[in-house]
Amino acid sequence: MSWSRAILHVDMDAFFVNVHLLDHPEDTGIPLAVGGMPDERGVVTSASYEARQFGVRSAMPTSQALRLCPQLKVVAANWTRIRECSRGVMALLGHYGPLEKMSVDEAYIDLSGLADPVAPAGEIRERMPAEMNLPASVGLATSKLVAKVASDFNKPRGLTIVSPGEEAAFLAPQPVRAIWGIGPRTAERLAALGITTCGQLAAADPDRLRERFGRDTDSLLRRARGEDERPVQPDRGPPKSISQEWTFSRDVADAEVLREHLRRMSADVADELAKRNLLAHTIRVKFRWSDFTTFTRQRSLAVGTDDAATVFRVADVIWRENWPVGRPMRLLGVGAASLVAGEGRQLGLF
């Protein structure tokens, strides 16, 4: 079979939980969650598959998780260990081709040009637990969109190959929310037309869709068929800024849930700064309300930093100053700018 384009998406399985198990093997096989404590209004960051059987999910208040699973063990995230393991994972993946890191636990690899991209896909799935002692699921397809859906298709330790020409058939039974760029609001509007799956969307009358979605119609139809020309974008030179964003499947007004996402994104941004040997002199926070109003606020640092605690501390101050308590948020983001080369972590003062 000829692959003119082959893109692999690697998604680590319950990454924060499995990083914890590296140092605490005695917790293997039990319902386990990484996150904040219930008496501190904590939030679940990651849940083991044993915990998920009870309905425990990430971004869920820890108190609710304990009601669903009273025997749940809750532990704090070890960010130093998480970033260390992430660097090892990305180093392993980088040997296979151009790499685009999406977060601490997922990345795309461009395998285009290989006579048989299926072989390295299976090899990566096996090497990750053998060499890193961390499980991963992988999806191989001709586009980023389909590869990402495929990596989530058969977790944990899944290997899903969507051969050229099979994209639309693979996506057909999937819910429309599986498609990149379709959020809850668009899904609700599609459901009002009786469209809930990718197959139904791909087969929908374009004229009928244009009445609701206008110029976005053609893009929706292409994505429903698995057509996605976005390239894998490996690192090319020092960036002007580094950022992480999170669009919530449902608007969130819970302060602790928002703060936990802020903490995670701050750690990701700091990890990327450290990996690139860069120090940030500006920290930004991006806000988007439920009505799609979007704006960014920032603060300057007297001393550049790549320290996760410092990035979070500054981002937390910005967020608290600009978030009206209880106002639902659709998107939250953290960014670092005014980047300079650095030799080590320093405390950022603002």
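This report walks through the cores, some helix pairs and two single residues of a predicted model.

## The nonpolar cores

Let's start on the inside. The largest nonpolar core has 69 residues, and within this core F15 and L93 touch the most other members. Helix 12, which covers residues 255-275, gives the largest share of this core, with nine residues. There is also a second, separate core of 24 residues, and V146, A147, V149 and V162 are among its members.

What does L93 touch, once you skip residues up to four places away in sequence? The list is V10, L99, A107, I109, I124 and M128. Keep I124 and M128 in mind, as both turn up again in the contact between helix 4 and helix 5.

## Helix 4 and helix 5

Find helix 4 at residues 79-94 and helix 5 at residues 118-132. Their axes sit 11 Å apart, and the two helices pack at an angle of about 140°. That angle makes helix 4 oblique to helix 5. To count as roughly antiparallel, an angle has to be over 145 degrees. As for handedness, helix 4 and helix 5 cross in a right-handed way.

Which residues make the contact? From helix 4 come C85, G88, V89, L92 and L93, while helix 5 brings I124, R127, M128, E131 and M132. Sorted by class, the contact of helix 4 with helix 5 has seven nonpolar residues, one polar and two charged.

## Helix 1 against helix 4

Helix 4 has another partner to look at: helix 1, residues 15-23. These two pack at about 105°, and their axes are 10 Å apart. That makes helix 1 roughly perpendicular to helix 4, because angles from 65 to 115 degrees fall in that group.

On the helix 1 side you'll see F15, F16, V19, L22 and D23, and they meet W79, R81, I82, C85, S86 and V89 of helix 4. By class, the contact of helix 1 with helix 4 splits into eight nonpolar residues, one polar and two charged. F15, you may recall, is one of the two residues that touch the most other members of the largest core.

## Helix 10 and helix 11

Further along the chain, helix 10 (residues 206-213) packs against helix 11 (residues 217-224). The angle here is about 125°, and the axes are 9 Å apart. Helix 10 and helix 11 are therefore oblique to each other.

P206, L209, R210 and F213 of helix 10 make the contact with T217, D218, L220 and L221 of helix 11. The contact of helix 10 with helix 11 includes five nonpolar residues, one polar and two charged.

## Two residues up close

Now for V146, which you can find in helix 6, residues 144-151. Is V146 buried or exposed? With 0% relative accessibility, V146 counts as buried, because the cut-off for buried is under 20%. V146 and V162 are 16 residues apart in sequence, yet their C-alpha atoms are 7.7 Å apart in space. Setting aside neighbours within four places in sequence, V146 is in contact with A141, V162, E167, F170, L171 and G226.

K73 belongs to strand 4, residues 73-75. Its relative accessibility is 33%, so K73 counts as partly exposed. A51 is 22 residues from K73 in sequence, and the two are 9.1 Å apart in space, C-alpha to C-alpha. Without its neighbours within four places in sequence, K73 is in contact with D27, I30, P31, L32 and A33.

Notes
Residues numbered from 1 in each chain as written. Predicted model: local features only at pLDDT ≥ 70, side-chain atom pairs only at ≥ 80, totals over all residues. Heavy atoms only, no water. Core = buried A, V, L, I, M, F, W, Y, C linked by side-chain atoms within 4.5 Å. Buried < 20%, exposed > 50% of the residue type's maximum accessible area, 1.4 Å probe, protein only. Helix = DSSP H or I, 4+ residues; strand = E, 2+ residues; numbered from the N terminus. Contact = heavy atoms within 4.5 Å. Axes fitted to C-alpha atoms, helices over the stretch in contact; angles between N-to-C directions. Parallel < 35°, antiparallel > 145°, perpendicular 65-115°, else oblique. Left-handed = near helix turned anticlockwise from the far one by under 90°. Nonpolar A, V, L, I, M, F, W, Y, C, P; charged D, E, K, R; others polar.
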